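Let's take a walk through this protein together. Have the structure open, and we'll go from the overall layout to a few spots worth a look.

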Amino acid sequence: MPMPGMRGMEHIGFTVPDIDEACTFFEEILGAETLYTAATNFRVDDSDWMFEHLNVDPRCVITEFRYMRVGNGTNLEVFQYEAPDQAKQPPKNSDIGGHHLAFYVDDMDAAIAFLKEKGVKVLGDPTSYTEGPNLGLTWCYFMAPWGQQLEIVSAPKGTVYDNEAKTSGKTRLFHPGKVAETTI
């Protein structure tokens, strides 16, 4: 039995070194909207609350966190922390806890050209699957100024998996461009 009442992912939270820089990047490059600032300078002195509730150093301070929305995807919860034991480099995908955020685009070539025009570091050329369930999908990684790994994906004609799922009754992948077709 799954967790009672489970509906789906509500947000993805991550930490950045400069929240103003990060939110400006997401707004200008991805068209995100900053919805609100949830808290500033949040700390709990003389307590292990931060460790017990967030698994961070008890003296840690959340200098600020904001909620953002990017198109028809999940919300982003962007944090800036100060902590005595803070790692200053984001993890690579190959590190435990490594991750990336992927965003759907309708036109891969136009998106890559835009990123390069804005001076965003693009990693390699777009890669298209040539077989398997992701056939039809093209992807390309790019980097946020602070080193966070990001990705754009595109599958204008769908993927093999999703096209088969449409007709077989399988669960379809979420697609931000086709929300009505992929939601339950």
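Helices (H or I, at least four residues) and strands (E, at least two) are DSSP runs here, numbered from the N terminus. By that count, the protein chain has 5 helices and 8 strands. Follow the sequence and you'll meet them in the order β-α-β-α-β-β-β-α-β-β-β-α-α. Residues are numbered from 1 along each chain as its sequence is written, and side-chain values use heavy atoms, with hydrogens and water left out. Keep in mind that this is a predicted model: local features need pLDDT of at least 70 and side-chain atom pairs count only at pLDDT 80 or more, while totals for chains, interfaces and linings use all residues.

The C-alpha atoms fill a box of roughly 60 × 45 × 30 Å along the principal axes. Of the 184 residues, 34% are buried, meaning under 20% relative accessible area (over 50% is exposed, in between is partly exposed; 1.4 Å probe, protein chains only). A contact is a pair of heavy atoms within 4.5 Å. Among contacts between residues at least 6 apart in sequence, 52% join residues at least 24 apart.

Now zoom in on Glu151, which sits in strand β8 (residues 149-154). Glu151 is buried but has no salt bridge, that is, no side-chain nitrogen of Lys or Arg within 4 Å of a carboxyl oxygen of Asp or Glu. The nearest side chain of opposite charge belongs to Lys116, 16 Å away (Lys and Arg count as positive, Asp and Glu as negative; His and the chain ends are not counted). Beyond its neighbours within four places in sequence, Glu151 is in contact with residues including His100, Phe103, Trp139 and Tyr141.

What about the cysteines? The structure holds 0 disulfides, a disulfide being a pair of cysteine sulfur atoms within 2.5 Å. The sulfur of Cys23 can't make one because the closest cysteine sulfur, in Cys60, is 18 Å away, too far for a bond. Cys23 is buried, at 2% relative accessible area, and Cys60 is buried too, at 1%.

Finally, look for the largest pocket, with about 1500 Å³ of space. A pocket is an open set of points on a 1 Å grid over the protein atoms alone, with protein on both sides within 12 Å along at least five of seven lines; lining residues have an atom within 4 Å of a point. Its volume is the space filled by probe spheres set on the points, which are joined across faces, edges and corners. Of the 50 lining residues, the closest to the centre are Ala102, Tyr104, Phe174, His175 and Pro176. The largest share of the lining, 4 residues, comes from β5.

Technical notes. On a 1 Å grid over the protein atoms alone, a cavity is a set of points where a 1.4 Å probe fits but cannot get out, and a pocket is an open set with protein on both sides within 12 Å along at least five of seven lines; lining residues have an atom within 4 Å of a point.
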